[in-house]
Amino acid sequence: MFKVVKKQFLNEAKTICLFEIEAPLVARHAQAGQFVIFRLDEQGERTPVSVAGYDREKGTVTVMVQAAGRTTKMLHTVEEGDYITDFVGPLGHPTVYDGLKKVCVVGGGVGCAIAYPIAQEMYKRGIEVTFIAGFRSADIVILKEELAACSHKLIMCTDDGSYGEKGFTTQFLKQEIDANIAEGKPQFDRVIAIGPDIMMKFLADVTRPYGINTIISLDPIMVDGTGMCGGCRVIVGGQTKFACVDGPDFDAHQVDFDNLLKRAAFYKEEQDKAAQHICRMTGGKRNG
Ligand SMILES: Cc1cc2nc3c(=O)[nH]c(=O)nc-3n(C[C@H](O)[C@H](O)[C@H](O)COP(=O)(O)OP(=O)(O)OC[C@H]3O[C@@H](n4cnc5c(N)ncnc54)[C@H](O)[C@@H]3O)c2cc1C
Ligand code: FES
């Protein structure tokens, strides 16, 4: 059993919540870019979430989770002092920072939470970080101060202009790339993008003509997280890869986005039904 030592909603709309979980063995090895799989109880679904932080001395791991469907909504009802049944990890490869000097990190929605420890790590290593954080509207913006503290330049934007700049991450990324060229500044060695699949697809289209190496973190449906079930397969460079063991980071210019988007939509109907279900066994407090 794993104790929830801290719970904190990260935005006004309470769509994303931080959980600090006591898990000393996971905390000992966790690195930015990796993920864990948790189960709320014996009957619970196995749900992957990224490592958003860790404290090796305290033996805790932090995750930031968006209430997307059944399990994540149930997680949001867990309180400090409660226990969850499983918290397995770290899984997947950590993000690599080989020879990087100047990087643009782009986060979309909860993707900002996943990108945050990566930006922090690069900032600590002296890499110049530009962070572009995009959200639909002001009420769901997260980590304002935290992102400012780990980037040399931070652009916050919302689709409706209710917070920061008005517009999409793609347009601000293009603007930054073009400004580097116009002002004779060194270009980004890499763009790291984490967010909705469709955002990552369009960001890859932005960087492709400039030849800027672009890494994205994929979050396809996962079951075991150990390369056994094939549920997380993605096509990268014409080859089948398993996001759980080969990723989750991949070269965006090699990812088959049409296949990715098709597979992501496959279980939508079942997920919508599950999200509507109210469990009578829990008195309606949690779906089940
Ligand atoms: C490597 C990885 C890291 C992730 N990191 C985070 C994170 O840090 N924070 C966060 O909020 N979310 C993260 N996710 C997404 C998170 O796993 C899903 O939101 C969660 O599984 C939804 O489950 P649900 O039962 O609440 O919703 P459902 O109703 O089951 O689904 C809602 C959405 O989540 C996706 N999803 C459902 N089950 C899975 C699954 N087993 N694996 C992957 N996606 C699934 C569906 O495609 C759907 O779009 C990550 C996913 C992966 C694969
Ligand atoms: S989750 Fe089963 S192979 Fe990746």
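The axes of helix H5 (residues 169-182) and helix H6 (residues 197-207) come within 9 Å of each other and cross at roughly 20°. (Axes here are lines fitted to C-alpha atoms, for helices over the stretch in contact, and the angles run from 0 to 180 degrees between N-to-C directions.) That angle makes H5 roughly parallel to H6, a label for angles under 35 degrees, whereas over 145 counts as roughly antiparallel, 65 to 115 as roughly perpendicular and the rest as oblique. The crossing of the two helices is right-handed; in other words, the near helix is turned clockwise from the far one by less than a right angle, and anticlockwise would make a crossing left-handed.

Who does the touching? On the H5 side the contact is made by Thr169, Thr170, Leu173 and Lys174, and on the H6 side by Met199, Phe202, Leu203 and Val206. Two residues are in contact if their C-beta atoms, placed from the backbone, lie within 7 Å. Sorted by class, the contact of H5 with H6 has 5 nonpolar, 2 polar and 1 charged residues. For that sorting, Ala, Val, Leu, Ile, Met, Phe, Trp, Tyr, Cys and Pro count as nonpolar, Asp, Glu, Lys and Arg as charged, and the others, Gly among them, as polar.

A word on how to read all this. This is a predicted model, where local features need pLDDT of at least 70 and side-chain atom pairs count only at pLDDT 80 or more, while totals for chains, interfaces and linings use all residues. Residues are numbered from 1 along each chain as its sequence is written, and chains are lettered from A and ligands numbered from 1 in the order in which they are written. As for the element names, helices (H or I, at least four residues) and strands (E, at least two) are DSSP runs, numbered from the N terminus.

Now go back to the start of the chain. Strand S1 (2-9) and strand S2 (16-22) are next to a loop that holds lysine 14. S1 and S2 form a hairpin with 6 residues between them, and 5 bridges join the two strands, which run antiparallel. Strands are said to pair if DSSP finds at least two bridges between them. One spot to look at is lysine 6, whose bridge partner in S2 is glutamate 20. In the turn, lysine 14 has a positive phi of about 55° although it is not a glycine. Lysine 14 counts as exposed, because it has 12 C-beta neighbours inside 10 Å. The cut-offs: a residue is buried if 20 or more other C-beta atoms lie within 10 Å of its own, exposed if 12 or fewer, and partly exposed in between, with C-beta atoms placed from the backbone.

S1 has another partner too: 2 bridges join S1 to strand S7 (residues 83-84), again running antiparallel. There, phenylalanine 2 stands opposite isoleucine 84.

Next comes an open sheet of 3 strands in the order S4-S3-S8, with antiparallel pairing. Strand S4 (47-50) and strand S8 (86-91) stand at the edges with a single partner strand each, so one side of each is left without a neighbour in the sheet. From one strand to the next, the twist averages 25°. Strand S3 (residues 35-39) pairs with S4 over 4 bridges, and valine 36 stands opposite valine 49 in S4. S8 also holds proline 90, which is joined to glycine 89 by a cis peptide bond with omega of about -5°. Another cis peptide bond joins glycine 247 and proline 248, with omega of about 10°; proline 248 is in the loop between helix H7 (243-246) and strand S17 (249-251).

What about the inside? Strand S9 (residues 102-108) is largely enclosed by the rest of the structure, because 6 of its 7 residues are buried. S9 pairs with strand S10 (residues 128-135) in the parallel sense over 7 bridges, and valine 105 has phenylalanine 131 as its bridge partner in S10.

Phenylalanine 131 also turns up among the contacts of leucine 147, which touches Cys112, Tyr116, Phe131, Ala133 and Leu154, not counting residues up to four places away in sequence. Leucine 147 lies in helix H4 (residues 144-149) and is buried, with 25 other C-beta atoms within 10 Å. Leucine 143, in the loop between S10 and H4, has a positive phi near 60° without being a glycine. Leucine 143 counts as buried, with 24 C-beta neighbours inside 10 Å.
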